[in-house]
Amino acid sequence: MPPKVRHPAESCAQCSHRTLRLFCNLSENASHRLDEIGVQVALPSRAVVFRESQPSNGVFVVCEGLLKLSAASRDGRVMILRLAGAGDLLGLSAALNGLRYEVTAETLEPTILKSVRRDDFMEFLHNYVEVGEKTSQVLAKEYREVFLDARRLALSGSASGRLARLLLDWAATANCGKPELRFTMALTHEELANMAGTARETVTRLLNQFERDGVITRHGATLVILSPGELEQLSG
């Protein structure tokens with residue numbers, strides 16, 4: 001991971017978004033303890049936080065930004081598994097099991113993380129019952145996301161349905177509970193095609209079609225979903 005840089009953002013205890021986020025919605029005491037054991041890290045776009053098969057040395061709470069989690073085959077093929085946004089906890093499974101990271105985590109935009117050493121996190125987990133509860137909820141959420149992603153790729157009969165589901169999930173990840181479905185299109189069309197199991201040209205054509213139909217609108221790198229119901233119907 002690139003060198004850690006302290007950033008003058010809010011602490012966990014002072015974060016105004018805390019109650020909107022699954023893991024971060026902790027008591028004052030637990031939040032202060034997380035501030036004590038965590039180091040705030042500011043990373044630029046396209047920075048690698050950790051790599052697949054690297055020994056696990058800690059977990060990372062996403063404070064701001066967006067990341068992609070990917071895995072590679074021995075012959076170099078890469079599959080993007082999911083996106084992670086504010087409130088997500090990265091490296092949790094590897095830390096709990098004392099194993100190597102299963103994926104590579106790379107930022108898609110400037111990102112702020114809170115890095116916590118594995119030993120400190122395990123002590124935090126042991127000393128605060130609520131942290132154990134939140135950790136269980138995070139694992140359950142991750143399991144559901146893996147299941148839904150597998151279902152999307154295996155059962156969705158059309159590229160438009162798979163892309164529609166991706167856009168809805170991306171908007172939900174980026175907005176963290178906020179009503180407006182707006183996000184920065186940080187993935188390339190090639191990367192979107194990777195996640196949707198289709199070709200880059202198909203993604204480009206479908207995005208243009210969605211925009212012509214008034215389902216989405218794009219302003220530079222910003223994409224706004226205008227008609228989530230239509231995307232839901234397409235995704236099946």
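Two strands count as paired when DSSP finds at least two bridges between them. Keep that in mind for the sheet views below, and note that everything shown comes from a predicted model.

**View 1. Strand 10 and strand 11 form a hairpin.** Four bridges join these two strands, which run antiparallel. Within the pairing, R218 has L223 in strand 11 as its bridge partner. Two residues lie between the strands, and G220 in the turn has a positive phi of about 65 degrees.

**View 2. The hairpin belongs to an open sheet of three strands in the order 9-11-10.** The pairing is antiparallel. At the edges are strand 9 (182-184) and strand 10 (216-219), each of which pairs on one side only. From one strand to the next, the twist averages 20 degrees. Strand 9 is joined to strand 11 (residues 222-225) by three bridges, and these two strands run antiparallel. Look for F183, which stands opposite L223 in strand 11. Helix 7 packs on this sheet, where it touches strand 10 and strand 11. The direction of helix 7 makes about 105 degrees with that of strand 10.

**View 3. Helix 7 (residues 200-212) has a buried side and a face turned away from it.** Helix 7 has 13 residues and reaches 19 Å from its first C-alpha to its last, close to the 18 Å expected at 1.5 Å a residue. Its buried residues include T202, V203, L206, L207 and F210. They cover an arc of only 130 degrees around the axis, so they sit on the same side of helix 7. A handy reminder for reading such a view: an α-helix has 3.6 residues a turn, so residues three or four places apart point the same way. The face of helix 7 turned away from the buried side carries the exposed residues R205 and R212. Just after helix 7, G214 takes a positive phi of about 75 degrees.

**View 4. Four strands make an open sheet in the order 1-8-3-6.** Here too the pairing is antiparallel. The edge strands are strand 1 (38-43) and strand 6 (89-90), and each pairs on one side only. Six bridges join strand 1 to strand 8 (residues 111-117), with the two strands running antiparallel. In this pairing, V39 stands opposite S115 in strand 8. Helix 3 (residues 118-127) packs on the sheet and touches strand 3 (58-64), strand 6 and strand 8. The direction of helix 3 makes about 80 degrees with that of strand 8.

**View 5. T135 sits in helix 4 (residues 129-155).** Is T135 buried or exposed? Its relative accessible area is 4%, so T135 is buried. Leaving aside neighbours within four places in sequence, the residues in contact with T135 are F23, L92, L96, F121 and L125.

**View 6. C15 and C24 are cysteines without a disulfide partner.** A disulfide is a covalent bond between the sulfur atoms of two cysteines. For the count, the two sulfur atoms must lie within 2.5 Å, and the number of disulfides comes to zero. Why is C15 not bonded to C24? The sulfur of C15 has its closest cysteine sulfur in C24, at 6.7 Å, and that is too far for a bond. C24 is in no disulfide either, with the nearest cysteine sulfur, that of C12, 6.2 Å away. The surroundings of the two residues can be compared by their relative accessible areas: C15 is partly exposed at 21%, while C24 is buried at 12%.

**View 7. H17 lies in the segment before helix 1 (28-37).** With 28% relative accessibility, H17 counts as partly exposed. The other residue to find in this view is C63, which is 46 residues from H17 along the chain. Their C-alpha atoms are separated by 9.2 Å.

Notes. Residues numbered from 1 in each chain as written. Predicted model: local features only at pLDDT ≥ 70, side-chain atom pairs only at ≥ 80, totals over all residues. Heavy atoms only, no water. Buried < 20%, exposed > 50% of the residue type's maximum accessible area, 1.4 Å probe, protein only. Contact = heavy atoms within 4.5 Å. Expected span 1.5 Å × (residues − 1). Arc of directions from axis to C-beta. Axes fitted to C-alpha atoms, helices over the stretch in contact; angles between N-to-C directions.
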